[in-house]
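Let's take a walk through this model together, beginning with how two of its helices lie against each other and then moving on to the wider fold. Have the viewer open as you read.

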Amino acid sequence: MSNMSLVRTFFLTGLPHPPALDTTLFSLFLLIYMLTVLGNLLILLLIKVDSHLHIPMYYFLTNLSFIDMWFSTVTVPKMLMTLMSPSGGAISFHSCVAQLYSFHFLGSTECFLYTVMSYDRYLAISYPLRYSSMMSGRTCAFLAAGTWLSGSLHSAVQTTLTFRLPYCGPHQIQHYFCDVPPILKLACADTSVNEMVIFVNIGVVASGCFLLIVLSYVSIVCSILRIRTSEGRHRAFQTCASHCIVVLCFFGPGVFIYLRPSSKDAVDGVVAVFYTVLTPLLNPVVYTLRNKEVKKALLKLKIGSAFTPGK
């Protein structure tokens, strides 16, 4: 981090909205945050206690739920503080660094994880007889560890590039969390090189992951069309539908914000809500409501608790 940094505290302006909506937005986002944490905790619990869910698909879903729980925690509580009081938007320089690193660490890890999950679905549908041997426990652990390591390295690059610049004022960040585009606008130096490197860095990662996901699903569709029974084809499509929904909800807003030549603060703030607040909530909802195995595990958990002694 640059020793020239004179700004010791930044101020997050929060989401653009009329002041009269402070209480309404606070209640809404608090409710969404609580449902997100509880929903993802429920998925983690279900996968842990039900032995039928101890397969690669749910191993990766465990990682996704853990990421989503913390991904939302990195941004939403600070947003709630900003809505609750005028001074709630203040954030120290080092806290801002930590928030930006954590946000990009979890976000890029999730991006890599979606790619691994599409590869897992490709193997499950294209090579059903060899799937167990191809996606062994060791392979799953290796792929999951790779997503976390890649995410940490990618975030380290973003954070270092952003905070190596001097910041000597103004100190007002036009956003509800510390992110690269609004922070670079406050730098007391030329940021063109930073913007280009970050654009290329995020562009390569996002487009590379998305391309691999698309290729996986092209292969999956070809394999599904070769299934003879309509019931078999329907089950195969159902298996992949949940993953497709959350991938589109995650990549769409991210590409809109980071891979545009110009940035508009108000628009970016509203769009960012989709992948920082709504997508972490969407994942447990989609994977629970559209997944028969998870619904069965949930039903078993409810029945088990109902017949627990003392109930």
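Begin with α2 and α5, which are roughly parallel to each other because angles under 35 degrees count as such. Their packing angle is about 25°, and the two axes lie 10 Å apart. To find them in your viewer, select residues 56-84 for helix α2 and residues 137-163 for helix α5. Keep in mind as you look that this is a predicted model. The crossing of α2 and α5 is right-handed. On the α2 side, the contact is made by P56, Y59, F60, N63, F66 and I67, while α5 brings C140, A141, L143, A144 and W148. Sorted by class, the contact between α2 and α5 comprises 10 nonpolar residues and one polar residue, with no charged ones.

Now step back to see where these helices sit in the chain. There are 10 helices and three strands, and their order along the sequence is β-α-α-β-α-α-α-β-α-α-α-α-α. The chain has 311 residues, and buried ones make up 48% of them. If we take the contacts with a separation of 6 or more, 79% come from residues 24 or more positions apart.

Helix α3 deserves a closer look, and you will find it at residues 93-126. How far apart should the ends of α3 be, given its 34 residues? At 1.5 Å a residue the expected span is 50 Å, and the end C-alpha atoms are indeed 50 Å apart, so the two agree. Of those 34 residues, 26 are buried, so α3 is largely enclosed by the rest of the structure.

Two residues of this helix let us see its surroundings. One is Q99, which is found in helix α3. Its relative accessibility is 8%, and because buried means under 20%, Q99 counts as buried. Setting aside neighbours within four places in sequence, Q99 is in contact with V74, T75, K78, I91, F177 and C178.

The other is D120, also placed in helix α3. Is D120 buried or exposed? With a relative accessibility of 1%, D120 counts as buried. Not counting residues up to four places away in sequence, D120 touches P56, M57, F60, Y131 and M135. P56 and D120 are 64 residues apart along the chain, yet their C-alpha atoms are separated by 7.5 Å. This brings us back to where we began: P56 and F60, both touched by D120, are also among the α2 residues that make the contact with α5.

Note on methods: Residues are numbered from 1 along each chain as its sequence is written. This is a predicted model: local features need pLDDT of at least 70, side-chain atom pairs count only at pLDDT 80 or more; totals for chains, interfaces and linings use all residues. Side-chain values use heavy atoms; hydrogens and water are left out. Helices (H or I, at least four residues) and strands (E, at least two) are DSSP runs, numbered from the N terminus. Buried means under 20% relative accessible area, exposed over 50%, partly exposed in between (1.4 Å probe, protein chains only). Contact means heavy atoms within 4.5 Å. Axes are lines fitted to C-alpha atoms, for helices over the stretch in contact, and angles run from 0 to 180 degrees between N-to-C directions. Angles under 35 degrees count as roughly parallel, over 145 as roughly antiparallel, 65 to 115 as roughly perpendicular and the rest as oblique. A crossing is left-handed if the near helix is turned anticlockwise from the far one by less than a right angle, and right-handed if clockwise. Ala, Val, Leu, Ile, Met, Phe, Trp, Tyr, Cys and Pro count as nonpolar, Asp, Glu, Lys and Arg as charged, and the others, Gly among them, as polar. The expected span of a helix is 1.5 Å times one less than its number of residues.
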